[in-house]
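Dear colleague,

I am passing on the structure we spoke about, together with my reading of it. Please look it over before going through the notes that follow.

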Amino acid sequence: MSSAADTSKNYLNHEKGLWSWLTTVDHKRIGIMYMITVLLFFAIGGAFAMLIRLELFAPGGTFEAQVYNQFMTFHGAIMVFMVIIPGIPAFLGNFVLPLHLGAKDVAFPKVNLMSWYCLIVGAIISFISLFYHGADTGWTFYTPYSIQTDNGTILLVLGAFVMGFSSILTGVNFVATTHRLRCKGMGFFQMPLFVWGLYSTAILQVIATPVLGITLLLLAAEKIMGIGFFDPKLGGDPVLFQHFFWFYSHPAVYIMILPAMGIISELITAFSRKVIFGYKAIAFSSVGIAAVSFFVWGHHMFVSGQSELAGVIFSFLTMLVGVPTAIKTFNWVATMYKGSIQFQSPMLYALGFLFLFTIGGVTGIMLATMAMDVHFHDTYFVVAHFHYVMVGGTLMAIMGGIYYWFPKMFGKMYSELGAQLSFVLIFVGFNVTFFPQFILGAKGMPRRYHDYPEAFSFLNSVSSIGSWTIGLGFIVALIVIIHGLLKGAKAPDNPWGAKTLEWQTTSPPPHENFYTDPVVTGGPYEYR
Amino acid sequence: MSTANVDRSGGGHAHHFESAEHEFDTSKFGTWLFLCTEVLMFGGLFVAYFIFSNLFPETFLEGSKYLDWKFGAVNTAVLLFSSFTMVLAIYYAQQNNNKKCANMLMITFVCGLIFMVIKYMEYTHKIEMGLLPGDMFAFQGAESSNLGLYFSVYYMMTGLHGSHVIVGMGLILWCWFRARKNEFNSGYFTPVECVGLFWHLVDLIWIYLFPLLYLID
Ligand SMILES: [Cu+2]
């Protein structure tokens, strides 16, 4: 593009009208479309969560058991397949990856748009199932129950299958982009750590998601034709489904957390004004986590009747994941040491991540210990553990990322005070909601039940009150974003004084990202 | 797999690439990645095949006897030949010969069609006999009690493969239209190349399916 900097033109006003958005191949616009859809799905999934906590506020029922089962299933399926998996790669990653690499776009812009439509079509199919008795299997679709229950489950399963293609296409695109579209002077070790996170994630998306695809296809065929793969009557095996399912769904946990760790690396170095400590250690630990994650799926199946030897091996390998994870955590803390830390809202979310994710990680090691897992299996302890990882980890990173890149996305600033208030509400509410669930689980309260005995009532009430605080926090966060969009002051090009490439172009960036092709001469974090 | 409306006649390329070559390499790299996902998707079925054939060797042996290896062999030959014509199509595109390229693509397409017709004949014959998957199995006189499981494996594997053949045929037809419009030249033949890679993978999977399903004995 001829360069005379006409900064009134940017990607937002490059073309006009709804149609120009729905047919766009600009990665930044696709990122914004993902933002809108993911936030919408998050609101729906969150509403189901509120209904779950409403039912569990006190013993005795508000809703029927069957209705509760559907709340729980849709909360899980929406949050996993429509929010957390596309949340960082497809939304923030889409916007930031090419900017971080100094590229004009992702490698395959049309495929990128297609992946968004896959998500939409899959989501619509999933929601249609609500009109066919919904689904009540939980998001894991375990056989043999999922084979026997209502046929609405088929639609949810097929919806998840289609959404899988969205994830696969994003993964293919990001791997190719990272390999082929780095700007001049940017080797692999000059890439920002968010890119390393996205790259490891994309590899997982490419390798793991097709296995989920075939698993869900077989489950649908099982329900439609009774093919018997998972049915003992014909010599099939319900546990085979669990193996297939977790072969994808454990790496999927890292599809959710690796890019989150990438964002945290960006935030901590930017707000400590200090070069990241142990760049290569963090980069390689991302790849390391991705590699190990394919060999740990059996930790979901300690009580499924798999052999004890397999159990021991899976237990050992699972604990191995703790090593690269701890390497990252120590490096982040070391980065902050003697840094000039500024407690702006993105940094607050990053610190929230460190605190909550550490609890989630350590309880994960507890669950990986076979003897303890026998006690904790399918209790609220597990629920609390993975919410500390998924919400305390991934969601905190998404929020931090939104507030970090918001000025770049829209060229506006938001109310810092409001953003900090939302953080306090979410952080406090989160702990009030989920910490009691560790205790409930340790006391033996099983997950997925719509009711419980009197003895569990106090902690459940506390947990429900906490959930309203989280809800309030997210409403405040949404108001802050909308207020920023409408009334925000104009954002400077680099409000945080950060060093990665996206801050060296205008806010918002022009259609082709940079006015002159960037050339990199040093590392991504040259603070001091 | 690139941005719309780029003039390719004189080495043009989409705006985010440095050169036509850069774009070609990247597209090919992306195609390979996509093929990885295909291998893993079929991988799930192959794993199921090996688990069940190990658990029930007699069932699988009996099941394979109801398949006619002659049909399978003809289809293998047809697909191998089509891979050869696909290679020629790429060769002619590189030689700026769109006419011959289009002809080769059409032959490849027809081979795919022959494959599907034979598959259709096999399917209807099995369905008439009641050799159906799983619960729907209605054939009288099977020796194994769970012969339906073998046919579940058979229909899932050949069905998923067949759907890939159909998709491949669609892609080949798309290339054929573009070749007819003289769109390919020595500097730009990315679609033929990438569709070719996909088609070879589809062939390759069949080459594994044929002995696994038809030639157990
Ligand atoms: Cu796991």
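To begin with a point of detail: are Glu122(B) and Lys119(B) buried or exposed? Both residues are buried. Please keep in mind throughout that this is a predicted model.

**Salt bridges**

The side chains of Glu122(B) and Lys119(B) are joined in a salt bridge, with 3.1 Å between the closest N and O atoms. The two residues belong to helix α4 of chain B (residues 98-129), where they are 3 residues apart, or about one turn of the helix. This bridge belongs to a search of the whole structure that finds 9 salt bridges over all chains.

Further along chain B, Glu183(B) takes part in a salt bridge with Arg178(B), in which the closest N and O atoms are 2.6 Å apart, and in another with Lys181(B), at 3.7 Å from N to O. The accessibilities of these three residues are worth setting side by side: Arg178(B) is buried, with a relative accessible area of 16%, Glu183(B) is partly exposed at 25%, and Lys181(B) counts as exposed at 59%. A network that involves both chains is also found, in which salt bridges with shared partners connect Asp231(A), Lys233(A) and Asp135(B).

**The copper site**

Which residues coordinate the copper ion? The donors are ND1 of His250(A), NE2 of His299(A) and NE2 of His300(A), at 1.7 to 2.0 Å, and the spacing of these donor residues in sequence is H-x48-H-H. Distant parts of the chain are linked here, given that His250(A) is in helix α8 of chain A (residues 238-272), while His300(A), 50 residues apart from it, is in the loop between α9 (279-292) and α10 (308-336) of that chain. With 5% relative accessibility His250(A) counts as buried, whereas His300(A) is partly exposed, with a relative accessible area of 21%.

**Aromatic pairs**

The count of aromatic pairs comes to 66 over all chains. One of them is formed by Phe271(A) and Trp496(A), whose ring centres are 5.3 Å apart and whose planes meet at 55°, so the pair is classed as tilted. Because Phe271(A) lies in helix α8 of chain A and Trp496(A) in the segment after α15 of chain A, this pair ties together parts that are 225 residues apart in sequence. Both Phe271(A) and Trp496(A) are buried.

A stacked pair is formed by Phe423(A) and Phe427(A), with 5.4 Å from centre to centre and 25° between the planes. Here the two partners lie in one helix, α14 of chain A (residues 416-442), 4 residues apart, which is about one turn of the helix; Phe423(A) counts as buried, at 10% relative accessibility. In chain B there is an aromatic cluster whose members include Tyr49(B), Phe60(B), Tyr123(B), Phe139(B) and Tyr155(B).

**Backbone features of chain A**

Where would you look for cis peptide bonds? One runs from Thr143(A) to Pro144(A), with omega near 0°, and Pro144(A) is found in the loop between α4 and α5 of chain A. Another runs from Ser507(A) to Pro508(A), with omega near -10°, and Pro508(A) belongs to the segment after α15 (457-487) of chain A.

Positive phi angles occur at Arg273(A), about 50°, and at Asp378(A), about 55°, although neither residue is a glycine. Arg273(A) sits in the loop between α8 and α9 of chain A and is partly exposed, with a relative accessible area of 21%. Asp378(A) is in the loop between α12 (370-376) and α13 (380-410) of chain A and, at 41% relative accessibility, also counts as partly exposed.

**Surface patch and cysteines**

A nonpolar patch on the surface is made up of Ile124(A), Ile128(A), Leu130(A), Phe131(A) and Tyr132(A), which together have about 530 Å² of accessible area. Leu130(A) lies in the loop between α4 (109-128) and α5 (145-148) of chain A and is partly exposed, with a relative accessible area of 36%.

The structure holds 0 disulfides over all chains. For Cys175(B), the nearest cysteine sulfur is that of Cys101(B), 7.6 Å away, and Cys175(B) counts as buried at 0% relative accessibility. Why does Cys194(B) have no bond to Cys175(B)? The sulfur of Cys175(B) is the closest cysteine sulfur to that of Cys194(B), but at 9.0 Å it is too far for a bond.

With best regards

Terms used:
Residues numbered from 1 in each chain as written. Chains lettered and ligands numbered in written order. Predicted model: local features only at pLDDT ≥ 70, side-chain atom pairs only at ≥ 80, totals over all residues. Heavy atoms only, no water. Patch = residues over 30% accessible without salt bridge, like charges linked within 9 Å, V, L, I, M, F, W, Y side chains within 5 Å. Areas by Shrake-Rupley, 256 points an atom, 1.4 Å probe, with all protein chains shown as cover. Salt bridge = Lys/Arg side-chain N within 4 Å of Asp/Glu carboxyl O. Buried < 20%, exposed > 50% of the residue type's maximum accessible area, 1.4 Å probe, protein only. Donors = N, O, S within 2.8 Å, 3.2 Å for Na, K, Ca; no water. Disulfide = S-S within 2.5 Å. Phe/Tyr/Trp six-rings, centres within 6.5 Å; stacked < 30°, edge-to-face > 60°.
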